[in-house]
Amino acid sequence: MVDLQTQYLHIQEDVDAGIREVLASAAFVKGPKVRTFAEHLQTWLGVKHVIPVGNGTDALMIAFMSLGLHRGDEVITPSFTFVATAEAAALLGLKPVLVDVDPRTFNIDVEAIRRAITPRTKALVPVHLFGQCADMQSIMQIATEYGLRVVEDACQAIGAEYRWSDGHTTKAGCMGDLGCTSFFPSKNLGCYGDGGAIFTNDDELAARATQIANHGSMQRYHHDLIGVNSRLDALQAAVLDAKLPHLNDYTAARQAAAAYYDEHLAGNEQLVLPARDPNSTHVFHQYTVQLKHCHRDHVREALAAEGVPTMVYYPVPLHRQPAYQATLPCPVAERLADSVLSLPMHTELDEEQLQHICASLLRAVTH
């Protein structure tokens, strides 16, 4: 599904040099490499502040804490996503309100947001799933209308660009009050362990998030807020700083692989190919098809027999998870959970591999 070894070999010299620099400095925590990477990422994203943290889940939790949300406050987020989005809210005593998604893009359904708003609603948490942005113009309009905060989960969509009605573009994670990302190794920009970051253009929120991530402290041994201990390791920052200059090329490679899939899988009545939102670029963290009239487990077994790995993101929507006991109906999320299948998607796919994957899938769905 992901070939990090080959990717490393292509950038080995830069990665190793960055790691040696950290080792030589012995600045392993909050060192200059972390600051340098944050500055480079700020410039690349076009955002005022990047706050590096320990992982993507921490980024979400610290974002909620920075907004001053209180126990019992409701945050609306999609049911069809990884659990961390809801988990970070629930850990703080907030109530995740899980809503349905758009059947084409898999991103949060704007009308479902409107139906779910109550007097307890305090925040909206769109997830830019699989690599393309949610309908942020509509989401920001709803937030303004109801006085809600917006926390973007951009963990799968770093670098995706959203086009507003006036023609200007903004990168994923840089449109709401706060945005969050993960640097898990398989992400489009991934380190060699855990890592994450928070993005914001709000100076006050940036200062608060920085303080919360540092035990609630701005001055050593003085704690004005209840905080956590969440920081990006300097060695991981070195890896990320070596990868960042290649991120545009990585995105282009993923998009080229997706275009190959599109061309060679098109027209098969058993497959629904990934839709593109006209207002967002797609950076293809995943290439996810829907199976229409065939048994998914049988298709996966047939592909595995030909050496093709697949994954199911996500087999159980969050509103069906025992931990979340949601009550709102999410029929689209349930249908997707039963029918989606993700194909290999990474920066090192070559034409021979892509040809084999497509041929194997077409055989699997027609038998």
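Here is a short dialogue on reading some features of a predicted model.

User: Before we start, what kind of model is this, and how are its residues numbered?

Analyst: This is a predicted model, where local features need pLDDT of at least 70, side-chain atom pairs count only at pLDDT 80 or more, and totals for chains, interfaces and linings use all residues. Residues are numbered from 1 along each chain as its sequence is written, and side-chain values use heavy atoms, with hydrogens and water left out.

User: Let's take helix α1. What would a straight helix of 22 residues span, and what does α1 span?

Analyst: Labels first: helices (H or I, at least four residues) and strands (E, at least two) are DSSP runs, numbered from the N terminus. The expected span is 1.5 Å times one less than the number of residues. For a straight helix of 22 residues that gives 32 Å, but α1 (residues 4-25) spans only 27 Å between its end C-alpha atoms.

User: Where does α1 bend, and by how much?

Analyst: A bend at a residue is the angle between axes fitted to the seven residues ending there and the seven starting there. In α1 the bend is about 80°, at isoleucine 11.

User: Which residues of α1 are buried, and what covers them?

Analyst: An α-helix has 3.6 residues a turn, so residues three or four places apart point the same way. "Buried" is under 20% relative accessible area, exposed over 50%, partly exposed in between (1.4 Å probe, protein chains only). In α1 the buried ones include Gln7, Ile11, Val15, Gly18 and Val22. Their cover includes α2 (32-45), α8 (234-243) and α9 (247-265).

User: What happens at the start of α1 and just after it?

Analyst: At the start, a side-chain oxygen of aspartate 3 comes to within 3.5 Å of the backbone nitrogen of glutamine 5. Just after α1, alanine 26 has a positive phi of about 60°.

User: On to the sheets. In what order do the 7 strands of the open sheet come?

Analyst: Strands of a sheet pair through backbone hydrogen bonds, either parallel or antiparallel. Two strands count as paired if DSSP finds at least two bridges between them. Here the order is β1-β9-β8-β5-β4-β2-β3, with mixed pairing. At the edges sit β1 (49-53) and β3 (95-99), each pairing on one side only.

User: How does β9 pair with β1 and β8?

Analyst: β1 and β9 run antiparallel and are joined by 5 bridges. β8 (residues 178-182) and β9 (residues 196-200) also pair in the antiparallel sense, over 4 bridges. Look at isoleucine 198 in β9: isoleucine 51 stands opposite this residue, and so does cysteine 180. Serine 182 has glycine 196 of β9 as its bridge partner.

User: Which residues of β9 are buried on each side?

Analyst: Gly196, Ile198 and Thr200 are buried on one side, Ala197 and Phe199 on the other. That fits the count, with 5 of its 5 residues buried.

User: Which helix lies across β9, and at what angle does that helix run to β8?

Analyst: Angles run from 0 to 180 degrees between N-to-C directions, using lines fitted to C-alpha atoms (for helices, over the stretch in contact). Helix α3 (residues 56-66) lies across β1, β5 (149-153), β8 and β9, at about 165° to β8. Helix α4 (residues 84-91) lies across β2 (74-78), β3 and β5, at about 155° to β3.

User: Now a loop. Where is serine 280, and is it buried or exposed?

Analyst: Serine 280 is in the loop between β12 and β13. Serine 280 counts as buried because its relative accessibility is 10%. A polar contact is a pair of N or O atoms within 3.5 Å; within protein, one must be able to donate a hydrogen and the other to accept it, and residues adjacent in sequence count only if both atoms are side-chain atoms. The serine 280 side chain reaches the backbone nitrogen of cysteine 133 at 2.9 Å. Plain contact means heavy atoms within 4.5 Å. Leaving aside neighbours within four places in sequence, serine 280 is in contact with Gln132, Cys133, Ala160, Glu161 and Tyr162.

User: What is the phi of phenylalanine 106, and of phenylalanine 130?

Analyst: For phenylalanine 106, in the loop between β3 and α5 (110-116), phi is near 70°. For phenylalanine 130, in the loop between β4 (121-124) and α6 (136-146), phi is about 65°. Phenylalanine 106 is buried at 4% relative accessibility, and phenylalanine 130 is buried at 3%.
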